[in-house]
Amino acid sequence: MPPAGDRKTGTVERVLGDYGFISSEETPEQELYFKASWFRGSPPLKEGELVTFQLKVFGTNVQAHYLDRATEQAPDATATVPRPPGRPSAPSSERLFEWAYLGYIPNVLAALKGLALDERWEFKNTPPNSDRPFPILYSYLVHTFGRLALEQKVLVNAGASIAALNTGLVDPRYEPIHALFVPNDNPRAPWQLAGFCIAGEGADGQNLVRHFAPLPSTAHYFDNQMDLLYDTRAGKPELDWHHIIIERIDRYPADFIKDHWPPVFQAQDVSLMSDDERKAYYRDLGNAIEQDSRTYRRIMNRVKDAIDLSIKRVQWNFKTAIPTYYPRVRKLQLLLPVCLLSDEEVDMALAVEKTQSGSYLGHTVLPLDWAYKNARLVCRPDSDWLAPQDISAEGDEDEA
C-alpha cells in the first residue's frame with residue numbers, strides 16, 4: 001500500500017447522503033468509503049467527478065480522506081507557507097504539528113501565557129492536565145495557525161532559514177507577540193519553534209525585524225464590521241431542525257432530554273459506554289425523537305421560545321450576539337445564547353450565519369466550551385453569558 005501521505009486520484013461513483021464511494025486504480029478491487037464532510041469545497045461532490053485524496057488504512061478498511069476536486073489547486077506561495085499540498089481541508093491541529101515541532105507543549109503554553117496580556121485560558125472545571133494545562137490557549141494556537149496558513153500569512157525567509165507568524169495575542173503594552181521558527185533536523189516537521197518574541201526586543205525580536213518587512217500580520221476573519229452584529233430587523237433565524245435536534249441531541253442538557261423523552265425509547269447510562277457506543281446511543285435517540293412527532297414538536301417549541309428570548313436580549317444589548325469562527329467551515333458566524341431549563345441560565349449556543357438575502361440561518365448548536373474556543377479566535381468575548389470562569393468543559397472538539 002502506498003504511504004498515506006501521497007495524493008491519489010479517483011472518481012466519485014456514488015453519493016448517498018452524507019457519505020459515498022470512490023473508485024481508484026490504487027484499489028481496483030475495492031471502492032473507497034468517504035464522508036461528505038471530508039470534502040470542504042463548494043458545491044458538494046457529485047457522482048462522476050474526478051477527485052484527489054489521501055488513503056487511510058484501518059485494518060482491511062481503506063478510506064479516502066482530505067478530498068479535493070482534481071481541478072482545484074492550492075494558491076502559489078513564494079514567501080509564505082502554503083496550505084498543505086492538495087490538503088486545504090486538513091484539520092488545523094494536524095497542520096501545525098505537521099509543519100513545526102513545538103517542543104514540550106506545557107512549557108510552550110506557559111511561555112506564551114506568561115508573555116501575553118493577562119487572560120483566563122481554562123474553564124471553571126478544567127481538571128489538572130500536565131500534558132495540556134491551558135485548553136483554551138492550546139485551541140487558540142493550533143486553529144489560529146490553521147487560519148494563518150489558509151491566508152498565506154505564515155512567512156518564510158528561505159535565504160535566512162527562518163519563519164515567523166503573528167499569534168494575534170499582545171503583551172501588557174499591547175505589542176504584538178510573534179512566533180519565530182528555525183529549521184528542524186527531524187523530517188517529520190520541517191520547522192521547530194525557536195520562541196515567542198516582541199519585534200525588536202531580544203535576539204529573537206531583532207532577528208524578526210532583520211528578516212521580515214513588513215512583519216507578519218494577524219489572522220483576518222471579516223471584511224465588513226456590520227457582520228459582527230446581529231441585525232434584529234431581519235427577524236429570527238430559520239433553523240435546520242433535523243440537524244439541530246435529531247443529529248445534535250447529545251449536546252442538550254441531560255435534564256432537558258429527560259423531560260422530553262420519546263416514550264418508546266429505553267434510557268441507558270451513557271457514562272458506562274465507549275465513545276462509539278455513546279454515539280450510536282444518541283443516534284438512536286435522535287431517530288426515536290424524529291419518529292415521535294409529539295416529542296419532536298415539544299422540543300422544537302421550547303427551542304423556538306429560547307430563540308425568541310435570545311433575540312430580545314440582542315435587541316436590548318447588541319453584545320449578546322458574539323462573533324465566532326468555526327474552523328471546520330471557515331466562516332464567520334454569530335453565537336446566540338439558548339436557555340432551555342430556565343430563562344436565567346444559558347445551556348448551549350446557536351451558531352447562525354447571515355445569508356446574502358440579509359436573513360439568518362441557524363446551522364448547529366454548540367456546547368459552551370466549544371463555543372467559547374471558537375469565539376476566542378476572533379477576539380476575547382466581552383459577554384454576560386459566554387465567559388470561561390462560568391463554563392463547564394464538556395469535551396475537546398478536536399478529539400470528538
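Reader: Where is the place of F318?
Author: A note first: this is a predicted model, where local features need pLDDT of at least 70, side-chain atom pairs count only at pLDDT 80 or more, and totals for chains, interfaces and linings use all residues. Residues are numbered from 1 along each chain as its sequence is written, and side-chain values use heavy atoms, with hydrogens and water left out. Taking helices (H or I, at least four residues) and strands (E, at least two) as DSSP runs numbered from the N terminus, F318 lies in the loop between helix 8 (293-316) and strand 12 (322-326).

Reader: Which strands stand at the edges of the open sheet?
Author: Two strands pair if DSSP finds at least two bridges between them. Five strands form this open sheet, with mixed pairing, in the order 11-15-14-13-12. Each edge strand has a single partner, so one side of it lacks a neighbour in the sheet; these are strand 11 and strand 12.

Reader: Which residue in strand 15 does A349 stand opposite?
Author: Strand 14 (residues 348-354) pairs with strand 15 (residues 360-366) in the antiparallel sense, over six bridges. Opposite A349, in strand 15, is L366.

Reader: Is P237 buried or exposed?
Author: P237 sits in the loop between helix 4 (202-211) and strand 11 (238-239). Buried means under 20% relative accessible area, exposed over 50%, and partly exposed in between, using a 1.4 Å probe and protein chains only. The relative accessibility of P237 is 8%, so P237 counts as buried.

Reader: Which residues is P237 in contact with, leaving aside its neighbours within four places in sequence?
Author: Contact here means heavy atoms within 4.5 Å. The surroundings of P237 draw on distant sequence: K354 is 117 residues apart from P237 in sequence, yet 8.8 Å apart in space, C-alpha to C-alpha. With those neighbours set aside, the contacts of P237 are Y230, I307, I311, L350, V352, Y360, L361 and G362.

Reader: How many residues does the largest nonpolar core have?
Author: A nonpolar core is a set of buried Ala, Val, Leu, Ile, Met, Phe, Trp, Tyr and Cys residues joined through side-chain atoms within 4.5 Å. W99, L102, L169, F181, L335, W385 and L386 have the most contacts inside the largest one, and its largest share, 10 residues, comes from helix 3 (residues 135-150). A second, separate core of 35 residues includes I249, I257, A288 and I307. The count for the largest core is 54 residues.
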